[in-house]
Amino acid sequence: YQRRVHGGGTVLVGGNYDINDNYVAPTIILNPSLDSILLNEEIFGPLLPIVEVDSFDETISIVNSKPTPLALYVFASQEEKANYVVNTLRSGGACVNDVIIHMLNEVLPFGGCSESGMGSYHGEYGFKAFSHEKGVLVVNSSCTGEGRYPPFA
């Protein structure tokens with residue numbers, strides 16, 4: 001479990017688990033391997049990987065090399081950097097300077113794209129996602145077909 005989930009990283013906090021009780025303690029893992037499951041599959045548990053990088057560009061490169069996440073969280077004091085990250089990286093949704101709360105806002109669409117799912121739900125977005133709009137065209141019965149068949153002029 002530890003080698004597979006922690007991906008060779010260092011557990012800074014937590015790390016306890018009990019398979020029989022389906023329990024995993026909140027865990028922070030520093031520098032897991034970039035090819036670990038932890039950094040290549042969606043995390044549905046109390047695990048937080050932290051990857052140290054040498055530059056902002058390296059961050060973008062690493063994230064772009066991974067499957068599309070359901071959510072993207074960026075913490076930045078510079079609005080330009082936050083905007084760059086949100087507009088450059090593909091994700092189902094994004095939240096700047098916080099986590100998860102974008103999902104709670106019923107006015108915003110929430111859902112995945114690519115590897116993290118398809119479609120959005122919440123409010124109007126959910127209604128449209130799970131509804132079918134039928135297109136209907138009614139042609140006047142006195143229409144002679146002019147413009148429909150050649151010659152078109």
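## The sheet

In this predicted model, three strands make up an open sheet with mixed pairing, and their order is β1-β4-β5. Strands β1 (10–13) and β5 (47–50) are at the edges, where each has a single partner strand, so one side of each lacks a neighbour in the sheet. From one strand to the next, the twist averages 30°.

Strands of a sheet pair through backbone hydrogen bonds, and the pairing is either parallel or antiparallel. Both senses can be followed here in turn. β1 and β4 run antiparallel and are joined by three bridges. β4, which covers residues 27–30, pairs with β5 in the parallel sense over four bridges.

Individual residues show how the strands line up. On the β1 side, V13 stands opposite I28 in β4. On the β5 side, I28 stands opposite L48. Further along, L30 has I50 in β5 as its bridge partner.

## The side chains of β4

Which residues of β4 point to one face and are buried? They are T27 and I29, while I28 and L30 point to the other face and are not buried. In a regular strand, side chains alternate between the two faces of the sheet. The side chains along β4 alternate in this way.

T27 can be looked at more closely. This residue lies in strand β4. T27 has a relative accessible area of 2%, and because buried means under 20%, T27 counts as buried. The C-alpha atoms of T27 and F130 are separated by 36 Å, and the two residues are 103 residues apart along the chain.

## Two residues with positive phi

Most residues other than glycine have a negative phi. Two residues in loops can be set beside that statement. N22 is not a glycine, yet its phi is positive, at about 50°. N31, also not a glycine, has a positive phi of about 55°.

Where is N22 placed? N22 is in the loop between β2 (17–18) and β3 (23–24). The relative accessibility of N22 is 73%, and since the cut-off for exposed is over 50%, N22 counts as exposed. N31 is in the loop between β4 and β5. With a relative accessible area of 31%, N31 is partly exposed, because this value lies between the cut-offs of 20% and 50%.

## Helices α2 and α3

Helix α2 spans residues 56–64 and helix α3 spans residues 79–88. The two pack at an angle of about 20°, and their axes are 11 Å apart. Angles under 35 degrees count as roughly parallel, and α2 and α3 are therefore roughly parallel to each other. Their crossing is right-handed.

Which residues of α2 meet α3? From α2 they are F56, I60 and N64, and they meet K81, Y84, V85 and T88 in α3. Sorted by class, the contact between α2 and α3 has four nonpolar, two polar and one charged residues.

Methods. Residues are numbered from 1 along each chain as its sequence is written. This is a predicted model: local features need pLDDT of at least 70, side-chain atom pairs count only at pLDDT 80 or more; totals for chains, interfaces and linings use all residues. Side-chain values use heavy atoms; hydrogens and water are left out. Two strands pair if DSSP finds at least two bridges between them. Axes are lines fitted to C-alpha atoms, for helices over the stretch in contact, and angles run from 0 to 180 degrees between N-to-C directions. Angles under 35 degrees count as roughly parallel, over 145 as roughly antiparallel, 65 to 115 as roughly perpendicular and the rest as oblique. A crossing is left-handed if the near helix is turned anticlockwise from the far one by less than a right angle, and right-handed if clockwise. Contact means heavy atoms within 4.5 Å. Ala, Val, Leu, Ile, Met, Phe, Trp, Tyr, Cys and Pro count as nonpolar, Asp, Glu, Lys and Arg as charged, and the others, Gly among them, as polar. Buried means under 20% relative accessible area, exposed over 50%, partly exposed in between (1.4 Å probe, protein chains only).
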